[in-house]
There are 2 protein chains.
Amino acid sequence: MNSDEFRIRGKELIDYIADYMENIHEHRVTPNVEPGYLKPLLPLDAPQKGEEWEIIFKDFQDKILPGVTHWQHPRFHAYFPAGNSYPSILGELLSSGLGVLGFSWAASPSCTELETIVLDWLGKMLNLPKSLVPTCTDEKEVLTERDLNGNCNVPNFNKTEDNRDDDEIDQRPEGGGVILGSASECVLVSLLSARSSMLRKLKSENPFTEDGVLLSKLVMYTSKLAHSCVEKAGMMAMVKIRILEPDENYSLRGETLEKALIEDQSNGLVPFFVSCTLGTTSCCSFDNLIEIGQICNRENIHLHVDAAYAGSALVCEELRFFSSGLELVDSFNFNPNKWMLMNFDCSCL
Amino acid sequence: MNSDEFRIRGKELIDYIADYMENIHEHRVTPNVEPGYLKPLLPLDAPQKGEEWEIIFKDFQDKILPGVTHWQHPRFHAYFPAGNSYPSILGELLSSGLGVLGFSWAASPSCTELETIVLDWLGKMLNLPKSLVPTCTDEKEVLTERDLNGNCNVPNFNKTEDNRDDDEIDQRPEGGGVILGSASECVLVSLLSARSSMLRKLKSENPFTEDGVLLSKLVMYTSKLAHSCVEKAGMMAMVKIRILEPDENYSLRGETLEKALIEDQSNGLVPFFVSCTLGTTSCCSFDNLIEIGQICNRENIHLHVDAAYAGSALVCEELRFFSSGLELVDSFNFNPNKWMLMNFDCSCL
């Protein structure tokens with residue numbers, strides 16, 4: 001496909017998407033197909049020669065579209081609202097047009113810097129506590145200068161985490177965010193970070209004990225109503241998991257956690273991580289962050305908050321009553337691809 | 001933005017991308033900016049009201065574009081070729097236009113089924129052994145029928161992995177692929193799968209030993225030239241890692257592995273995973289799959305092959321000499337977003 005054809009097909013596709021969104025209510029919400037419907041409709045091997053766009057697009061309309069679940073349909077009430085929007089589609093188009101990879105600063109400076117800046121914006125929009133969004137904003141002038149020296153929010157290419165001196169680490173603002181692929185990734189990353197910190201501490205106290213033995217003492221906690229990704233993350237991290245009962249309002253309470261902690265500590269286990277949920281998957285209930293946060297802070301336990309579902313609501317001042325206690329947490333994730341008109345996947349840690 | 005404006009802006013953007021690709025040689029390859037350049041150019045907070053597209057696009061051109069590293073530039077020789085193409089851009093546009101999530105079959109049947117089918121195509125294009133691509137193709141008619149019953153390549157919603165009976169598992173074709181976000185994810189997933197199998201085996205032999213103690217006996221192997229993601233995966237999985245020396249042709253050899261195995265086994269460790277590379281990051285060297293595969297098969301060690309960089313070359317019959325030994329491996333990943341004109345990110349396991 002040359003650029004002339006791209007111009008034609010691209011514009012046709014823009015019209016197609018606008019038509020699709022305007023007439024989406026004419027489709028069934030869920031497709032009327034059986035598992036395995038597609039295989040007999042497609043050749044067993046990829047075609048040896050490229051095909052004309054018309055043929056490919058006809059295949060899409062005749063074979064793929066009938067198997068699509070229409071997430072943007074006005075009567076789609078499954079899972080969660082996967083908000084899409086025209087600006088979001090255009091943003092993705094521009095990004096795929098540039099074909100840029102942002103895995104390090106040098107790989108694409110504007111890509112990595114824009115991510116950091118917009119995550120700061122988002123954190124402020126949600127009114128997250130200073131412990132989570134960078135303190136940068138308090139000392140703007142000083143930090144802008146430091147920015148230009150590459151010391152703020154920018155990877156330092158000459159030193160690895162290990163040989164940075166402690167002073168430098170202390171000077172760097174804490175907090176700030178990144179975009180990951182899913183809330184599941186955010187929970188896993190937070191858990192691995194907490195595991196690593198706690199193991200380092202235990203190792204310094206027990207330098208001759210095998211890491212695996214220390215690991216077998218670690219225990220994490222979450223509510224029965226937490227998303228399954230929390231339990232999965234625990235399995236990947238190979239730590240013990242205690243699934244706690246929520247109260248009659250489906251909220252995990254401090255008392256329940258406290259009881260479990262005492263029991264486990266008396267059995268020689270080391271509690272190190274709690275994952276709370278703001279907006280559970282099954283019924284959008286809220287764990288009690290204030291009670292749990294106070295316990296975690298006292299016991300030096302990493303408290304993560306998975307607000308994948310309800311986090312976006314914190315943009316509204318009148319809904320911030322459920323954010324009480326966020327100042328006590330160590331990490332927080334939410335999904336702008338739910339409610340915030342972003343297309344999948346976009347989860348912010 | 002309503003659909004009328006989307007039609008206008010979308011078409012402008014298609015032209016912009018075509019213009020960009022046609023004139024990309026006029027840009028510098030790497031941007032002339034210092035770390036932190038972007039922050040002073042943008043407001044400290046997100047705007048309270050939406051802005052006009054013209055203003056946003058002017059911001060993009062004045063502030064973002066000057067910080068872009070042009071990966072598609074003809075003189076871009078860094079990292080790896082991040083092949084982009086017009087059809088790939090259109091595919092992504094269509095996919096973001098539909099706004100569909102494919103995390104389970106019901107969430108979007110055509111999305112999940114197409115992934116499986118195209119991965120079969122890709123596997124055949126690379127001439128991967130039957131142990132990696134589904135045996136489906138050998139018994140087409142039987143399997144098409146089974147497909148319609150939902151028993152092939154389709155998640156079974158009523159039974160979890162644990163309560164499926166063994167007969168059913170035996171009947172299911174082995175192999176097949178999925179798309180993950182990066183080669184790093186592929187290596188991690190393969191490693192976790194191998195760890196899980198080996199721990200289950202050890203646990204059945206030592207039912208009263210703590211998982212953490214069993215874990216501390218596991219050891220994995222890779223070459224000094226393997227991508228850093230292999231070592232990172234090992235750290236996440238908390239297993240011991242032995243980084244082995246390649247030979248004078250930068251290839252990891254069976255003899256080196258054998259020596260390490262004997263030493264570790266005599267120290268009571270349990271070798272369970274080897275990650276080889278086809279096309280190392282630093283010099284595109286190739287580990288000796290035949291020698292290593294024979295050892296791994298004999299010792300019941302999971303052999304993973306990271307062909308992120310060179311895998312796409314297997315499409316060419318004349319380059320398949322380096323695939324010898326692939327019939328001995330347990331898992332394999334390669335990145336169509338290198339060489340295969342796919343946009344980032346697309347890594348196939």
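Accessible areas are obtained here by the Shrake-Rupley method with a 1.4 Å probe. By that method, chain A of this predicted model exposes about 16800 Å², and carbon and sulfur atoms contribute 53% of that area. Chain A comprises 349 residues, of which 50% count as buried. Its secondary structure consists of eleven helices and seven strands. Among the contacts in chain A with a separation of 6 or more, 68% join residues 24 or more positions apart.

The description now turns to chain B and its sheet. Five strands form an open sheet in the order β3-β2-β4-β5-β6 of chain B, and their pairing is parallel. Strands β3 (240-244) and β6 (331-333) of chain B occupy the edges; each has a single partner strand, so one side of each lacks a neighbour in the sheet. From one strand to the next, the twist averages 20 degrees.

At one of these edges, the pairing can be followed residue by residue. Strand β2 of chain B, residues 218-223, pairs with β3(B) in the parallel sense over five bridges. B:M220 has B:I241 in β3(B) as its bridge partner.

Helices accompany this sheet. Helix α7 of chain B (residues 183-205) packs on the sheet and touches β2, β4 (270-277), β5 (302-306) and β6 of chain B. The direction of helix α7 of chain B makes about 160 degrees with that of β4(B). Helix α9 of chain B, spanning residues 228-237, lies across β2, β3 and β4 of chain B. Relative to β3(B), helix α9 of chain B runs at about 160 degrees.

Technical notes. Residues numbered from 1 in each chain as written. Chains lettered and ligands numbered in written order. Predicted model: local features only at pLDDT ≥ 70, side-chain atom pairs only at ≥ 80, totals over all residues. Heavy atoms only, no water. Helix = DSSP H or I, 4+ residues; strand = E, 2+ residues; numbered from the N terminus. Buried < 20%, exposed > 50% of the residue type's maximum accessible area, 1.4 Å probe, protein only. Contact = heavy atoms within 4.5 Å. Pairing = 2+ DSSP bridges. Axes fitted to C-alpha atoms, helices over the stretch in contact; angles between N-to-C directions.
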